[in-house]
Amino acid sequence: MVLPGGVQDKEFGPTHIMAADFPSRSICELTYLDVQSHLKASSILCLPIGSIEQHGPHLPLNTDAVLATEYARRIVARWGDIHDVWLLPTLNIGLAREHEWAPGTLSLSVQGMTMLVHELGRSIRRSLPARNLAIVNGHGGNRGILEALAQDLRSDCGLHVCIMHPAVWAEADSETVAAEIHAGRNETSMMLAAAPHLVRRERIAQLRSVPDENAVRAKILDPAVTWPWTTDDGRLADLGVIGDATAASAELGETLLAKITEAAGGVLKQLLERQRPNS
């Protein structure tokens, strides 16, 4: 499959998904005339949102941005022709206050991210005919604010919105004992599959399991109580990692990415079904 940028997709192979008169399903690679002729109200815009933050000693700062882009790239490649899906540029910086202790972490404030998403929604409404927006979230710390902003995008910008959190699909039916919160088995595996040149494999061996699994479940995973937490808390993380990166493999990463890609199809179908007839 030819992906945005002219790359051949090794998983899905050659296909007719790209029409001959425009280069790809990336909005950035269209001309304004292409936008007018190819997009319509029922088109779906796929927006990857990531983060720039520490991911332990073995993964790069842009891990969440790389994975959000990869999720969206594969979703557009798989479902673009079927559901008329178009790729928006990745928002690389998100809300990562829990990682601000680490050099290199870049985080917006709550106010800054609110303004950014609001302005983007307003701009989409003004400049593009598509009224369906599928946000692909690559960073768990973005979840809360995106859930709140989804209502604003719907009410204030007139967009039909869904937010996908692919890491949850990756965790479903997992047999791992350790809680996979950050830079552990799943994220490391998907990076080994999507961007192996960015993984410092030789550093994985120095990682150990989460010091206190009970503390992780009580402070991060308890659905009844919300606590502010950070990844420099030794009870929760080891070198900024919450999970078992030593169990990672590229093969598992490909399996998880394929699972995420297929699961997204049902969500896109629902988004179209929920679109109001008079939109």
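**Exercise 1. Work out whether strand S6 is enclosed or open in this predicted model.**

Start with burial, taking buried to mean under 20% relative accessible area. Four of the five residues of S6 pass that cut-off, so the strand is largely enclosed by the rest of the structure.

Next, look at who sits across from S6. Val136 stands opposite Met164 in S6. The chain gets from S5 to S6 by way of H4, and this β-α-β crossover is right-handed.

Now check the ladder itself: S5 (residues 132-137) and S6 pair in the parallel sense, with five bridges. Ile135 has Ile163 of S6 as its bridge partner.

**Exercise 2. Lay out the sheet and find its edges.**

Write down the order of the four strands: S4-S3-S5-S6, an open sheet with parallel pairing. Then look at the two ends of that order. S4 (85-87) and S6 (160-164) each have a single partner strand, so one side of each has no neighbour in the sheet. As for twist, neighbouring strands are turned by 25° against each other on average, ignoring direction.

Finally, add the helix: H4 (residues 143-157) lies across S3 (44-49), S5 and S6, and runs at about 170° to S6.

**Exercise 3. Test whether the length of helix H8 agrees with its residue count.**

Take the 25 residues of H8 (residues 250-274) and a rise of 1.5 Å a residue. The expected span, counted over one less than the number of residues, is 36 Å. The end C-alpha atoms are 36 Å apart, which agrees.

Then ask which residues of H8 are buried. They are Leu252, Gly253, Leu256, Leu257, Ile260, Thr261, Ala264, Gly265, Leu268 and Leu271.

**Exercise 4. Find the residues that touch the most others in the largest nonpolar core, and follow one of them outward.**

The core holds 36 residues, and the two that touch the most other members are Met190 and Leu268. Elements giving two or more residues to this core are S3, H2 (63-83), S4, S5, S6, H6 (185-194) and H8.

Pick Met190 and skip its neighbours within four places in sequence. Its contacts are then Leu67, Tyr71, Ala170, Ala195, Gly253, Leu256, Leu257 and Ile260.

One last step: there's another core apart from this one, with 26 residues, including Val35, Met113, Ile124 and Ile163. Ile163 should ring a bell, as the bridge partner of Ile135.

Methods. Residues are numbered from 1 along each chain as its sequence is written. This is a predicted model: local features need pLDDT of at least 70, side-chain atom pairs count only at pLDDT 80 or more; totals for chains, interfaces and linings use all residues. Side-chain values use heavy atoms; hydrogens and water are left out. Two strands pair if DSSP finds at least two bridges between them. Axes are lines fitted to C-alpha atoms, for helices over the stretch in contact, and angles run from 0 to 180 degrees between N-to-C directions. Contact means heavy atoms within 4.5 Å. Buried means under 20% relative accessible area, exposed over 50%, partly exposed in between (1.4 Å probe, protein chains only). A nonpolar core is a set of buried Ala, Val, Leu, Ile, Met, Phe, Trp, Tyr and Cys residues joined through side-chain atoms within 4.5 Å. A crossover is right-handed if, with the strands pointing away from the viewer, the path from the first strand over the helix to the second runs clockwise.
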